[in-house]
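I am opening a notebook page on this structure and will write down what I look up, in the order in which I look it up.

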Amino acid sequence: MSPKLQLRNVSKTYDGDVFAVNGIDLEVNAGETVALLGPSGCGKSTTLNMIIGLEEPTSGDIRIDGHSIVGTPPGERNVGLVFQDYAVFTHMSVEKNLAFGPSVRGLPRAEIKRKVAAAADLLGLTPLLQEKAAGLGGSQLQRVAIARTLVTEPDILLLDEPLSNLETEARQTMRQELRRLAKDAGLTIIYVTHDQIEALSLADRVAVMSNGKIRQYDAVDTVYHRPGHTFVAGFIGSPPMNLIRGAIHHKGGAPVFRHGAVDFPLPEGFGHAADGTRAILGIRPEAVTVGPFGDGLPADIVLVEPRGPDTVVTASVADLELTALVPSAEAPLADTRSTLRFDPATFSLFHNDTGINLGTTGGEG
Amino acid sequence: MTAMLALRAISKRFGKVEALKDVDLTVPRGAFVVLLGAAGAGKTTTLRIIAGLDEPNQGTVEIDGRDITRFAAKDRDVAMIFDNLALYPNKTGFQNIAHPLKLRRLTRAKIHDRVQAMSATLRIAHIMNRLPKTMSGGERQRVALGRALVRDPALFLLDEPLSSLDAMLRLELRAELKRLQRENGMSFLLATPDFDEALALADTIVMLVDGQVRQVAGPHEIYNAPADRDVARFVGAPAINLTAAEYDAGDRGRLRLFGAVFDAPETVRATFGRSQSFQAGLRPEDIAVAPADAGPAKGTISDIEKLGIRAALTIETATDAVRVTVPAVEGENHSVGDHVAVLPKLDRVHAFDADNGCRIG
Amino acid sequence: MFSRPLSLPLALLLGAIVVVTLFPIFWIVMTALKPPTDWNAVPAIWIPSDPTLINFATLFNPEALGVYGVGGVSESATKAVFGSLLTSITATALSVAIGLAAAIALSRYTTSGRATPLIILSARMFPPAAIAVPFVIIFSNTGLIDTYTGLIAIYVAVTLPFSTWMLKSFVDDVPREVEEAAMVDGRSRFAAHLFVTVPLIRGGLFATTLFIFILNWSEFLFALVLSYSNIETIPVRLAKYVTATAGTLYGVQAALAVIAMVPLVIAGVLIQNHLARGMTFGAVKR
């Protein structure tokens with residue numbers, strides 16, 4: 001069976017040489033939830049526009065259920081988009097908003113009614129059907145916007161930064177609701193977002209984009225724990241991974257990663273690289289512990305930022321600034337001296353030039 | 001530390017709407033104070049009153065002990081960064097930053113030097129000749145920052161300066177803001193609806209709800225000892241669990257919570273003394289999940305949310321939907337539909353008055 | 001988007017629109033260059049075989065047409081050209097200046113009474129004919145009738161709602177915070193209006209000025225009923241080229257009309273670069 005959505009070597013250039021999207025491949029299976037994650041300007045919005053049909057790719061192919069949709073007008077692609085600013089008709093009742101799409105398509109009255117009722121039920125809007133949309137709050141508007149798209153029964157539902165206009169508390173509720181929706185309705189969903197929490201919490205798989213390229217497309221846990229590229233490592237995680245340039249050396253038979261005069265012992269798996277191989281070491285902040293350890297790496301505590309349950313500590317070691325995420329109860333004071341310890345089992349090593357994860361082989365090239 | 005800015009009993013009405021009620025606020029010299037509150041809580045109004053863009057109906061504004069309530073904006077020696085930046089669209093980056101200096105009649109050479117130095121600090125030297133419309137969001141943000149910082153005013157007011165930026169850029173600029181403030185000993189008052197930003201940046205947080213100051217405290221205290229229910233709910237994600245609870249003083253003290261009865265720990269006994277009902281607040285990280293036979297409060301996992309380092313579980317008990325955060329690794333051991341026991345860390349219970357929501361004890 | 005070559009049907013359509021639009025101007029200019037014998041010749045003469053400037057000469061020397069045996073033109077048009085320039089320029093300057101002040105006030109200071117601008121605009125809902133007669137009476141009693149001062153006052157009063165309304169929409173486009181930023185930077189409130197907002201709406205200011213100038217320049221009714229012999233404007237003068245012996249002097253009218261077009265064309269060319277809006281884009285983050 002062919003995947004629900006397939007992008008094959010899709011590129012989009014402007015003015016001939018500016019690549020907005022540069023040869024991306026993406027497959028989304030039926031019933032799967034995928035997030036396109038990246039900073040602004042990474043190409044995710046262009047990708048979204050090409051899937052909907054607002055823009056056409058310069059090269060490459062886009063397929064739904066195995067059929068190319070390049071050149072098909074947006075209205076005939078059966079792809080639903082929920083806009084970032086909802087685009088709900090505020091002067092109409094919720095019911096009229098939901099009925100808008102199907103009535104434009106000239107469906108019979110009874111069918112419209114049935115579809116509207118089903119979508120309203122799915123999103124908990126049934127008690128609000130007669131309300132004017134103008135009087136609704138942010139998360140209710142969001143639900144109306146989603147329901148309005150769902151009544152058209154799209155093959156794929158795309159959501160563009162769906163939660164960015166909501167306040168913290170409403171975001172949490174909405175995320176929960178969206179997960180339930182994905183499960184209950186069995187929809188194929190694509191989120192476009194710059195917010196990693198949104199991507200991690202909503203999606204099955206995440207495609208991390210930068211500079212028009214997909215840097216990694218993997219399951220949520222893999223993207224977080226085994227970033228495939230330095231960009232992913234520096235983008236995901238809050239705070240993101242510490243990335244340190246240096247070289248792999250063998251010190252008395254055990255591999256170490258050396259930056260200047262600082263040595264980070266590496267686990268055995270990294271021992272195959274030739275002595276002196278240059279690389280980038282990635283250390284998750286939560287793999288760093290701070291405290292007065294006898295054998296720890298001496299460091300100056302520069303900045304201490306509480307976050308509630310944990311605290312972000314910025315420590316300087318030689319010319320490096322390392323961040324650590326520690327339980328608030330164990331946080332040191334700013335402007336003091338302390339020591340750091342690391343959990344080498346969670347280290348990642350990246351290629352010095354390409355930034356690609358070397359895996360545990362240590363990498364030869 | 002001396003109070004650099006002091007607001008005393010400020011009230012402000014717009015028509016019938018009371019935007020601020022009796023607001024007292026101080027910013028010590030060299031301190032980073034964050035005004036935290038939801039949209040419409042009165043943050044922007046407070047900043048505008050300090051800047052001299054709005055006049056309070058009551059109360060006084062003092063800078064360095066001098067009453068400036070009736071001073072015009074230009075005579076106040078404060079700089080402000082607006083939530084929409086408000087750059088001069090017809091001026092280049094350089095001219096935007098130079099504008100306040102030009103008004104102070106500095107020599108051309110001096111203006112040039114200071115703008116140059118500022119653009120180097122903010123790493124925007126390359127966009128000094130461009131108009132705002134050709135800059136990226138982050139670059140505009142830095143130009144606005146530069147325009148405020150170049151003057152060396154007594155006080156900086158920042159109105160949600162990072163709110164519309166990308167998550168990544170926001171973290172980067174946040175750290176930079178804190179560094180600039182610390183290294184130069186500047187006095188900052190920053191308004192934000194983002195508690196995370198407030199906790200990370202502030203020496204002192206002023207929590208504003210419906211135009212009233214509800215709590216003034218350091219980041220640690222505001223998280224661990226919120227003054228009332230609203231503050232507790234606003235600070236922390238996932239939000240604190242709030243549930244009806246009962247303390248029974250008999251039989252060495254018992255606590256009814258999540259439809260189960262627990263032995264009350266010493267801290268709770270000391271707080272209450274006599275039997276009463278109250279509202280209990282428990283942070284998601286202060287509840288543990290255990291096999292169903294491990295405790296009296298049982299429930300079913302209805303939702304699992306991955307948050308990177310942690311996972312948040314929603315557990316439906318007889319009385320509540322309880323949110324619990326666990327390390328990501330532990331989250332992988334659970335799945336939706338599992339029957340589990342919730343184990344609240346009872347010495348971490350926040351007690352609020354069931355009626356007015358104020359903290360008890 | 002204009003770099004692409006036009007398709008043939010589109011080019012033809014645009015060409016047709018240009019022809020239709022420019023035809024009256026072509027006709028007026030040609031008529032101005034025709035001798036009296038060609039004015040209403042049948043069939044129509046499109047391009048004068050023997051172009052002459054006699055019509056223009058007649059405007060300033062009433063006897064000039066005598067060589068064609070046409071007489072009865074009593075007065076030179078010099079006074080009308082002077083009158084039109086004086087009233088239109090003065091009234092436009094006053095209207096735009098007062099309108100700008102009003103626009104800033106309405107845009108920046110009105111916290112209640114959102115209807116105020118509408119009420120101002122509604123002053124223009126009255127047909128001029130309905131208010132002309134009362135003005136004749138008032139002006140007769142106050143000695144303002146048949147004076148440039150009186151006519152200018154009327155023109156300012158009549159165009160002020162337009163200038164206010166137009167300028168307010170431009171001022172509204174400039175975010176209030178940009179002015180406030182200038183105040184925090186060290187400008188007074190008034191200086192912020194003048195040195196921050198006004199330069200930003202320059203294009204709108206030019207557009208409004210041109211629009212008001214056209215209104216004043218082509219105004220006929222008030223100029224007619226409020227003038228006797230001391231003052232005159234071009235539109236009024238135009239109506240006076242009717243003689244008992246030779247009928248309407250089409251060529252002379254056309255010549256005056258050509259002269260009347262000159263300042264508008266010059267103004268249009270001078271400010272066309274400023275007419276584009278969009279200067280404020282990039283001021284605020286969106």
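I began with strands β17 and β18 (residues 321-327) of chain B, which pair in the antiparallel sense over seven bridges; the model is a predicted one, and I read every entry below with that in mind. A hairpin of three residues joins β17(B) to β18(B), and across this pairing I found E316(B) standing opposite A321(B) of β18(B).

I then turned to the other neighbour I had looked up for β17(B), strand β16 (residues 298-306) of chain B, which runs antiparallel to β17(B) and is joined to it by seven bridges. Here G299(B) stands opposite T317(B) in β17(B). The two strands form a hairpin with three residues between them, and in its turn I noted G308(B), which has a positive phi of about 90 degrees. Is β17(B) mostly covered, or is it mostly open? I found that strand β17 (residues 310-317) of chain B is mostly covered, since six of its eight residues are buried.

Next I checked helix α5 (residues 167-184) of chain B, and asked what span its 18 residues should have. At 1.5 Å a residue the expected span is 26 Å, and because the end C-alpha atoms of α5(B) are 26 Å apart, the two values agree. I listed M168(B), R170(B), R174(B), L177(B) and Q181(B) as buried in this helix. The buried residues of α5(B) pack against β3 (32-36), β8 (188-192) and α6 (195-201) of chain B, and also against α8 (230-235) of chain A. After the helix comes G185(B), with a positive phi near 60 degrees.

That packing led me to the contact between chains B and A, where 27 residues of chain B are in contact with 30 residues of chain A. On the side of chain B that touches chain A, the elements giving two or more residues are α5, α6, α7 (219-224) and β16 of chain B, and the largest share, four residues, comes from α5(B). By class, I recorded 15 nonpolar, five polar and seven charged residues for this side of chain B.

I looked at the contact between chains C and B as well, which takes 21 residues from chain C and 26 residues from chain B. On the side of chain C that touches chain B, α7 (176-185) and α8 (189-200) of chain C each give two or more residues, with α7(C) giving the most, seven residues. The residues on this side of chain C divide into 12 nonpolar, four polar and five charged.

For a single residue I picked T44(B), which lies in helix α1 (residues 43-51) of chain B. Why does T44(B) count as buried? It has 21 C-beta neighbours inside 10 Å, and the cut-off is 20 or more. Leaving aside neighbours within four places in sequence, T44(B) is in contact with D159(B) and A191(B).

My last entry concerns chain A, where five strands form an open sheet with antiparallel pairing, in the order β13-β12-β11-β14-β20. At the edges stand β13 (262-265) and β20 (348-351) of chain A, each with a single partner strand, so one side of each has no neighbour in the sheet. The twist averages 45 degrees from one strand to the next. Strand β14 (residues 277-283) of chain A runs antiparallel to β20(A) and is joined to it by four bridges, and in this pairing S348(A) in β20(A) is the bridge partner of G282(A).

Conventions. Residues are numbered from 1 along each chain as its sequence is written. Chains are lettered from A and ligands numbered from 1 in the order in which they are written. This is a predicted model: local features need pLDDT of at least 70, side-chain atom pairs count only at pLDDT 80 or more; totals for chains, interfaces and linings use all residues. A residue is buried if 20 or more other C-beta atoms lie within 10 Å of its own, exposed if 12 or fewer, and partly exposed in between; C-beta atoms are placed from the backbone. Two residues are in contact if their C-beta atoms, placed from the backbone, lie within 7 Å. Ala, Val, Leu, Ile, Met, Phe, Trp, Tyr, Cys and Pro count as nonpolar, Asp, Glu, Lys and Arg as charged, and the others, Gly among them, as polar. Two strands pair if DSSP finds at least two bridges between them. The expected span of a helix is 1.5 Å times one less than its number of residues. Axes are lines fitted to C-alpha atoms, for helices over the stretch in contact, and angles run from 0 to 180 degrees between N-to-C directions.
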